[in-house]
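Here are my notes on this model, set out as numbered points. Please read them with the structure open.

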Amino acid sequence: MPFDGTLDFVRALEADGELRRVTVAVDPVLEMTAIADRLVKSGGPAVLFEDAVASKFSVAIGMYGSDKRMALALGVTSLDEAAKRIADLVALPSTMPPTMLGKAMLLPGLAKIGRDAAPRIVGKGRCQDIVWQGDDIKLTALPVLKCWPLDGGRFITLPMVFTKDPVTGNRNVGMYRVQVYDDKTAGMHWQRHKVGSRHHADYEAQNKPIPVAVALGGDPCYAYAATAPLPDGIDEMAFAGFLRKKPVDMVKCKTVDIEVPADCDFVLEGYVAPGERRIEGPFGDHTGFYTLEEPYPVFHLTAITMRSDAVYPATIVGRPPMEDGWLGKATERLFLPLVRLFVPEIIDYNLPVEGTFHHVAIVKIRKRFPGHARKVMHALWGLGQMMFSKIIIVVDESVDVQNLGEVLWAVSNNIDPQRDTEFVMGPIDVLDHAARVMGYGSKMGIDATRKLPEEGFNREWPPVIEMSPDVQAKADALLEQLGLMPGNGQK
Ligand SMILES: [Mn+2]
C-alpha cells in the first residue's frame with residue numbers, strides 16, 4: 001500500500017511497533033545521530049524526534065533500519081516477493097533463443113517498467129502546500145543533521161536529487177549527499193561515476209546552469225529507488241511506480257523545469273552554475289571513515305516548498321552495520337535477477353555490509369569449464385556499479401555465500417593464492433581512501449572454486465567430509481529419542 005508522505009509512513013511504523021516517538025528536545029547536531037547509531041546497531045526502533053533543537057520540524061530517522069521496515073517501505077511482505085516480480089518481468093520467454101541478442105532485446109523489458117508504471121503529471125501536490133521564495137528561503141530552518149564530530153557541517157542524508165539529461169530530457173534521480181552552506185546555498189556531492197554528475201558535466205560543457213530539485217520524503221519507496229543502481233536512462237520514478245504498484249504522481253516545480261513526486265515532504269529547487277566549485281566535506285561516510293574535503297559543485301536555491309505536515313526524513317551512515325545496510329541488501333536481492341540476465345551462471349551472491357557493498361562481492365556459480373570463475377569476475381567488473389567490486393570471491397554452488405564463516409572455510413581451503421588470484425585495474429569508488437589515486441586502482445578476484453586439471457591442478461581433489469545419509473538418519477532418530485536433537489531446522 002503506497003504511503004502519503006513521511007508522516008503516513010511514520011504512523012504505519014508506529015502501529016507495527018517499529019517506531020518510537022521522542023518528545024524531549026534533541027539536537028540535530030550530533031545528538032540525534034548518536035542515538036540513531038546506538039539503535040541501529042542494537043536492533044532498536046526507528047525514531048521520530050518531535051522536538052528538534054532550533055527547528056519547528058520533526059525528524060524521522062531509521063525508517064529503513066530493519067527487514068520489516070524495509071519491506072514495509074517497498075509495500076511487500078518480504079524482499080523476495082519484490083525480487084520475484086522483477087525476475088518475472090525480465091524472464092526469458094521460452095520462445096526466444098537464449099542468445100546474447102535475444103537477451104539484449106529484453107533489456108527494454110526494463111523499459112516495460114516505464115510503460116506500465118510511468119509517472120503521471122498532476123496539477124497540484126501536497127509538496128507545495130507551503131512555498132518559500134525570495135527572502136523567505138531559509139534552508140537553515142530545516143533540522144538538518146550534523147552526523148559526526150569531524151563533519152564539515154550539516155548534511156542532508158536522504159536527498160533525492162532530480163535532474164534531466166540536456167539532450168534527451170530523460171530524468172535521473174540519485175541520492176547524493178547535500179551539505180548546507182547557508183540559507184540559499186549547498187554543496188552537491190556529485191561523484192564522477194554517477195548519472196547526476198554526467199548531466200551536470202553535459203550542461204557545464206555548454207556553459208549552462210543545470211536545473212536541480214532535491215526532494216525529501218514522500219512515499220518511502222522513492223528514496224530507495226533513488227539509491228537503486230538502475231542503468232542510465234531508466235527512470236527511478238517509473239521503478240518506484242513498479243515497486244509500489246501505483247504510478248507516481250508528479251508536479252512541476254515552482255521555479256525550475258523539473259517534476260517531483262507530489263506527495264514529498266520538502267522540495268529544494270534551484271540550479272548549479274557552470275564552473276563553480278566549493279570545498280565540500282569532510283563527511284563521516286558509509287565506509288566507516290571520513291571522506292575528506294574536496295571541491296564539488298554548488299547548489300543555489302530558488303525556492304523551498306513543503307507539505308503542511310512535513311516531517312524531515314534522515315539517516316546516518318558510518319561504520320557498518322548502519323541503516324544503509326538494509327537499503328543495500330534490498331538492492332542485492334532485487335537486482336539478482338538482473339545480474340543473472342547478464343551472468344546466468346551466478347546462483348547467488350552476497351555483498352556483505354562489512355565490505356560496504358562494493359568492496360567485497362562473494363559469488364556462487366555452477367562451474368562448468370576451466371577459467372569459469374575468472375569469466376564471472378570479469379563479467380561483474382563490466383556490469384554497472386558492480387565495476388566497483390574491489391574483491392570478488394567466487395565459490396562453488398555447494399557453498400552458502402550468506403554464511404561468511406563457510407565462505408572463509410571454502411576460500412582458505414581451496415586456493416593456491418598465487419595460482420588462483422586475478423589482479424586487474426579499473427574504476428574504483430571515489431570513497432575508497434586506499435586507492436592509489438581517487439577513483440582508479442586495482443581489484444582482486446579470488447577463484448575459490450574446485451580446480452580443474454587445465455587450471456594447473458594435477459592431483460586428485462579430495463572429497464568434502466559428509467556422514468552417510470542412512471547413518472545420519474539413524475543417529476538423528478536416536479538424538480530425537482534422547483531429547484538431544486538441535487532445535488528448529490538447525491543441523
Ligand atoms: Mn539513474
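1. Domains. The domain assignment splits the protein into domain 1, residues 5–314, and domain 2, residues 343–455. Their centres, taken over C-alpha atoms, are 30 Å apart. Keep in mind that this is a predicted model.

2. Domain contact. How many residues of domain 1 are in contact with domain 2? Ten are, and they meet eight residues of domain 2. On the domain 1 side, the touching residues divide by class into three nonpolar, five polar and two charged.

3. Overall make-up. The protein has 14 helices and 25 strands. Its radius of gyration is 24 Å, and the globule rule gives 23 Å for 491 residues; the two are close, so the protein is as compact as a globular protein of that length. The C-alpha trace spans about 80 × 60 × 50 Å along the principal axes.

4. Burial and contacts. Of the 491 residues, 43% count as buried. Burial here requires 20 or more other C-beta atoms within 10 Å of the residue's own. Take the contacts in the protein with a separation of 6 or more: 69% of them join residues 24 or more positions apart.

5. A three-stranded sheet. Which strands form the open sheet, and in what order? The order is β4-β12-β13, with mixed pairing. The edges are β4 (120–121) and β13 (259–261), and each of these pairs on one side only.

6. The β12 and β13 pairing. Strand β12 covers residues 249–252 and pairs with β13 in the antiparallel sense, over three bridges. One residue pair to look up is K252 and E259: the bridge partner of K252 in β13 is E259.

7. Helix α14, length. This helix runs over residues 469–482, which is 14 residues. At 1.5 Å a residue it should span 20 Å, and its end C-alpha atoms are 20 Å apart, so the two values agree.

8. Helix α14, surroundings. Is α14 well covered or hardly covered? It is hardly covered: the count of buried residues among its 14 residues is zero. An α-helix has 3.6 residues a turn, so residues three or four places apart point the same way. In α14, no such face holds a buried residue, as the count is zero.

9. After the helix. G483 comes just after α14 and takes a positive phi of about 70°. Please check this glycine when you view the end of α14.

Technical notes
Residues are numbered from 1 along each chain as its sequence is written. This is a predicted model: local features need pLDDT of at least 70, side-chain atom pairs count only at pLDDT 80 or more; totals for chains, interfaces and linings use all residues. Two strands pair if DSSP finds at least two bridges between them. Helices (H or I, at least four residues) and strands (E, at least two) are DSSP runs, numbered from the N terminus. The radius of gyration is taken over C-alpha atoms; the globule rule is 2.2 Å times the number of residues to the power 0.38. A residue is buried if 20 or more other C-beta atoms lie within 10 Å of its own, exposed if 12 or fewer, and partly exposed in between; C-beta atoms are placed from the backbone. Two residues are in contact if their C-beta atoms, placed from the backbone, lie within 7 Å. The expected span of a helix is 1.5 Å times one less than its number of residues. Domain bounds come from an automatic or database domain assignment. Ala, Val, Leu, Ile, Met, Phe, Trp, Tyr, Cys and Pro count as nonpolar, Asp, Glu, Lys and Arg as charged, and the others, Gly among them, as polar.
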